[in-house]
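Here are some short exercises, each with a worked solution. Try each task on the model yourself before reading on.

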There are 2 protein chains.
Amino acid sequence: MPTKGSITREKILNEATQIFNRQGIAATTINDLLAATGTTKGNLYFHFKGKEELALEVLTRAHSKFRQFLNDSLQGETPGAELENFFSQVLVKNHERNFVGGCLFGNTALEASDTSPRFAQLARDLFTEWTQRLSLTIDAAQAADQVRRDLPADQLAELVVMTIEGGIMQARLQKAAGPLTRILASLRTLLELKVL
Amino acid sequence: MPTKGSITREKILNEATQIFNRQGIAATTINDLLAATGTTKGNLYFHFKGKEELALEVLTRAHSKFRQFLNDSLQGETPGAELENFFSQVLVKNHERNFVGGCLFGNTALEASDTSPRFAQLARDLFTEWTQRLSLTIDAAQAADQVRRDLPADQLAELVVMTIEGGIMQARLQKAAGPLTRILASLRTLLELKVL
């Protein structure tokens, strides 16, 4: 049975994830966190040494969750179908959140690249893993003639990741599905993606 | 002849642009701005009502500068050559700054989308103008058979803008030209870009 302490810790992590997503880590103060989590300063510092430690834990958990998302969404009868399902699920995921918050790792990349080496490293790790995972699927899809073969799989994977990051940024900015829907459609055509 | 006041104002704007680029607007305090500009609080408030007004002026000036960059870089003998030159100049521009700061409007999009409607609107305006400007060139390139014609020009323009934003994010995160160089190469192939 979860203890009262572990429930509080969980609540702090969940609320902190939301607020970091919406307004960034650097711009979030301890007071913002206290207001969002409804906890006391003493309680917050009992569970985390400070904002930095809390943010590291939020990013680590978000990384695990994203790895799970990759595993769950890259499913299908063929490599092409796996990619197609991944594209669809990216849109579903962002739609569910009404395009609020965007991608925590894209946000962190932009706010931490020049100021917080530890956070920047966590963002790099995530993007590397995502690109490598997609590269395996694209490579398999190329072998099955379901994705164009004139560019290497890792280069196409990198393009897909960056384009999706740009698309999430614009969907979030416009609070609309349009930008992400359209770039995913463009990617399907440009990659010559086939599911069979 | 510029007055002492206008020189100070200019210096504040230039330094503020750098610091907003590096660490974001929300996370920059008045004290950060005073330290960066070497000016007094009295002097800063003489020229600007506060951080919000200063940031609005920084974004407005950056928009004009980017419009100038579009006009200067979209030059060439043919529409395809204009696009090719634009791609090259995007890389040169980011290289010159050693991949520090990234794109001020991409950064603003991510930090302001859910928190600062005025800044978010300025970012939307910039991306709309950029997409429309590229769309005209891509449309002309399609007519000249220098870009693939199976997707509408405005959809391809949107993809190019988002992909470049994602590429700038990754180049900044990795402090390396590689990600941006590779996605620009991928875009050339995928768009079937020809300069003649």
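**Exercise 1. Find out what share of the contacts in chain A between residues at least 6 apart in sequence join residues at least 24 apart.**

Solution. Keep in mind that this is a predicted model. Take the contacts in chain A between residues at least 6 apart in sequence, then pick out those that join residues at least 24 apart: they make up 67%. For the setting of these contacts, look at the secondary structure, where chain A has 9 helices and 0 strands. Along the sequence the pattern reads α-α-α-α-α-α-α-α-α. The C-alpha trace of chain A spans about 60 × 40 × 30 Å along its principal axes, and 41% of the 196 residues count as buried. As for confidence, chain A has a mean pLDDT of 95, with 99% of its residues at 70 or more. The scores of the model are ipTM 0.94 and pTM 0.95.

**Exercise 2. Describe how α1(A) and α4(A) pack, and list the residues that meet.**

Solution. Begin with the geometry: helix α1 (residues 4-23) of chain A and helix α4 (residues 51-73) of chain A have axes 10 Å apart and an angle of about 90° between them. Angles from 65 to 115 degrees count as roughly perpendicular, so α1(A) is roughly perpendicular to α4(A). Next, find the residues. From α1(A) come A:Leu13, A:Ala16, A:Thr17 and A:Phe20. They meet A:Leu54, A:Ala55, A:Glu57, A:Val58, A:Arg61 and A:Ala62 in α4(A). Sorted by class, this contact holds 7 nonpolar, 1 polar and 2 charged residues. A general rule helps in reading such lists: an α-helix has 3.6 residues a turn, so residues three or four places apart point the same way.

**Exercise 3. Check the length of α8(A), and decide whether this helix is largely enclosed or not.**

Solution. Helix α8 of chain A covers residues 153-174, which is 22 residues. The expected span takes 1.5 Å times one less than the number of residues, and for α8(A) this should come to 32 Å. The C-alpha atoms at the ends of α8(A) are 31 Å apart, which agrees. Now turn to burial, for which a residue needs 20 or more other C-beta atoms within 10 Å of its own. In α8(A), 18 of the 22 residues are buried, so the helix is largely enclosed by the rest of the structure. Just after α8(A) comes A:Lys175, with a positive phi of about 50°.

**Exercise 4. Work out which helix of chain B gives the largest share of the side that touches chain A.**

Solution. Start with the whole interface: 41 residues of chain B are in contact with 41 residues of chain A. On the side of chain B that touches chain A, at least two residues each come from α1 (4-23), α6 (104-112), α7 (117-143), α8 (153-174) and α9 (178-191) of chain B. The largest share, 13 residues, is from α8(B). By class, this side of chain B divides into 16 nonpolar, 16 polar and 9 charged residues.

Now see how α8(B) meets its counterpart in chain A. The axes of α8(A) and α8(B) are 7 Å apart, at an angle of about 105°, and the two helices are therefore roughly perpendicular to each other. Residues making this contact include A:Gly166 and A:Gly167 of α8(A) and B:Gly166 and B:Gly167 of α8(B). In all, the contact has 6 nonpolar, 8 polar and 2 charged residues.

Another helix of chain B offers an example too: B:Arg124 is in helix α7 of chain B and touches A:Leu173 and A:Gln174. B:Arg124 is partly exposed, because 17 other C-beta atoms lie within 10 Å.

**Exercise 5. Place A:Glu192 and B:Asp145 in their chains, and say how exposed each one is.**

Solution. A:Glu192 sits in the segment after α9 (178-191) of chain A. Its phi is near 55°, a positive value in a residue other than glycine. With 15 other C-beta atoms within 10 Å, A:Glu192 is partly exposed.

B:Asp145 lies in the loop between α7 and α8 of chain B. B:Asp145 is not a glycine, yet it has a positive phi of about 65°. A residue is exposed if 12 or fewer other C-beta atoms lie within 10 Å; B:Asp145 has 11 such neighbours, so it counts as exposed.

Methods. Residues are numbered from 1 along each chain as its sequence is written. Chains are lettered from A and ligands numbered from 1 in the order in which they are written. This is a predicted model: local features need pLDDT of at least 70, side-chain atom pairs count only at pLDDT 80 or more; totals for chains, interfaces and linings use all residues. Axes are lines fitted to C-alpha atoms, for helices over the stretch in contact, and angles run from 0 to 180 degrees between N-to-C directions. Helices (H or I, at least four residues) and strands (E, at least two) are DSSP runs, numbered from the N terminus. Angles under 35 degrees count as roughly parallel, over 145 as roughly antiparallel, 65 to 115 as roughly perpendicular and the rest as oblique. Two residues are in contact if their C-beta atoms, placed from the backbone, lie within 7 Å. Ala, Val, Leu, Ile, Met, Phe, Trp, Tyr, Cys and Pro count as nonpolar, Asp, Glu, Lys and Arg as charged, and the others, Gly among them, as polar. pLDDT is the predictor's confidence in each residue, from 0 to 100.
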